[in-house]
Amino acid sequence: MVKNLRGIVYFSKGVSPKAELDWLKKKFKYRELGVSETLGLELKWKKLLTLPKIEENPVVDSLFQASSFICPLIVLKEESLKDVGNAIIASLRTREKLNDKELKFNLRLVNYSITDFYLKSIELAVQSNMEERRRLAEKDLKRFWRIKMDAYGKTLIAYIDPFLIRSDISSLLHMSIVPCLVLDFGEN
């Protein structure tokens, strides 16, 4: 299942991600996506797996799922990033409008991110080296060199450190930094 799971879908309770969900459904006919049961998403879509909750908090549970399945978080609507507060340790903002092919390509890149730094990220967590985890995420942003960065644009890529959301660090020692692709088809 880890090999076939393309990502974990997350969105805030207050957003309406219909366009983004429709896009995912259309573009992911052969690879599966996961969603935490804490979101209560009721869709008739056989490639979207509802994963049993580990944690009551939907954003923390989604991060646990992404780290456990070694896949990125697919955040629907930029507004949903507010749920992680200041746990974003690196991000890429852009004004570019990516087409379907470019979005899928960058989702593949963000998937490579977590697999490439997963063990190192956990090793740094065990050492309580949060600054080095931040540097690891910032360095990984270089893989998205094709995207023109713009500080005033929308967030497209974000790296979330679960340690900055939860204070119970001992339960997070197995948690990787979680890279995210943000799908938001709304207006700038």
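Let us start at a bend in the chain: serine 128 sits in the loop between helix 3 (100-126) and helix 4 (130-140). Helices here are DSSP runs of H or I with at least four residues, strands are runs of E with at least two, and both are numbered from the N terminus. The phi angle of serine 128 is near 55°, a positive value in a residue other than glycine. Serine 128 counts as exposed, with a relative accessibility of 52%. In this report, exposed means over 50% relative accessible area, buried means under 20%, and partly exposed lies in between (1.4 Å probe, protein chains only).

Before going further, here is how to read the numbers. This is a predicted model, in which local features need pLDDT of at least 70, side-chain atom pairs count only at pLDDT 80 or more, and totals for chains, interfaces and linings use all residues. Residues are numbered from 1 along each chain as its sequence is written, and side-chain values use heavy atoms, with hydrogens and water left out.

**The whole chain**

The protein chain has four helices and seven strands. Following the sequence, you meet them in the pattern β-α-β-β-α-β-β-α-α-β-β. The C-alpha trace spans about 40 × 40 × 30 Å along its principal axes. The radius of gyration of the protein chain is 15 Å, which agrees with the value near 16 Å for a compact globule of 188 residues. That radius is taken over C-alpha atoms, and the globule rule is 2.2 Å times the number of residues to the power 0.38.

Of the 188 residues, 51% count as buried. The accessible surface of the protein chain comes to about 9,600 Å², and 52% of it belongs to carbon and sulfur atoms. These areas come from the Shrake-Rupley method with a 1.4 Å probe; for residues, only the protein chains shown count as cover.

Now for contacts, which means heavy atoms within 4.5 Å. Among contacts with a separation of 6 or more, 74% join residues 24 or more positions apart.

**Inside the core**

Which residues touch the most other members of the largest nonpolar core? They are Leu24, Leu73, Phe144 and Tyr159, in a core of 56 residues. A nonpolar core is a set of buried Ala, Val, Leu, Ile, Met, Phe, Trp, Tyr and Cys residues joined through side-chain atoms within 4.5 Å. Leaving out residues up to four places away in sequence, leucine 24 touches Val9, Leu33, Trp45, Ile74, Leu76 and Leu183.

**Some residues in loops**

Isoleucine 70 lies in the loop between helix 2 (58-68) and strand 4 (73-76). Its phi is near 50°, again a positive value in a residue other than glycine. Is isoleucine 70 buried or partly exposed? Isoleucine 70 is partly exposed, with a relative accessible area of 24%.

Leucine 98 has its place in the loop between strand 5 (88-94) and helix 3. At 17% relative accessibility, leucine 98 counts as buried. Apart from residues up to four places away in sequence, leucine 98 touches Leu103, Asn106, Ile147 and Leu156.

Threonine 38 belongs to the loop between strand 2 (32-36) and strand 3 (48-51). With a relative accessible area of 15%, threonine 38 is buried. Beyond its neighbours within four places in sequence, threonine 38 is in contact with Lys13, Lys53, Glu55, Glu56, Pro58 and Asp61.

Lysine 142 is found in the loop between helix 4 and strand 6 (154-160). Lysine 142 is exposed, with a relative accessible area of 62%. Alanine 125, by contrast, is placed in helix 3 and counts as buried at 0% relative accessibility.

**Distances across the fold**

The table sets separation along the chain beside C-alpha to C-alpha distance.

| Pair | Apart in sequence | Apart in space |
|---|---|---|
| Alanine 125 and glycine 186 | 61 residues | 36 Å |
| Lysine 142 and leucine 48 | 94 residues | 30 Å |
| Leucine 98 and phenylalanine 185 | 87 residues | 10.0 Å |
| Threonine 38 and glycine 14 | 24 residues | 14 Å |
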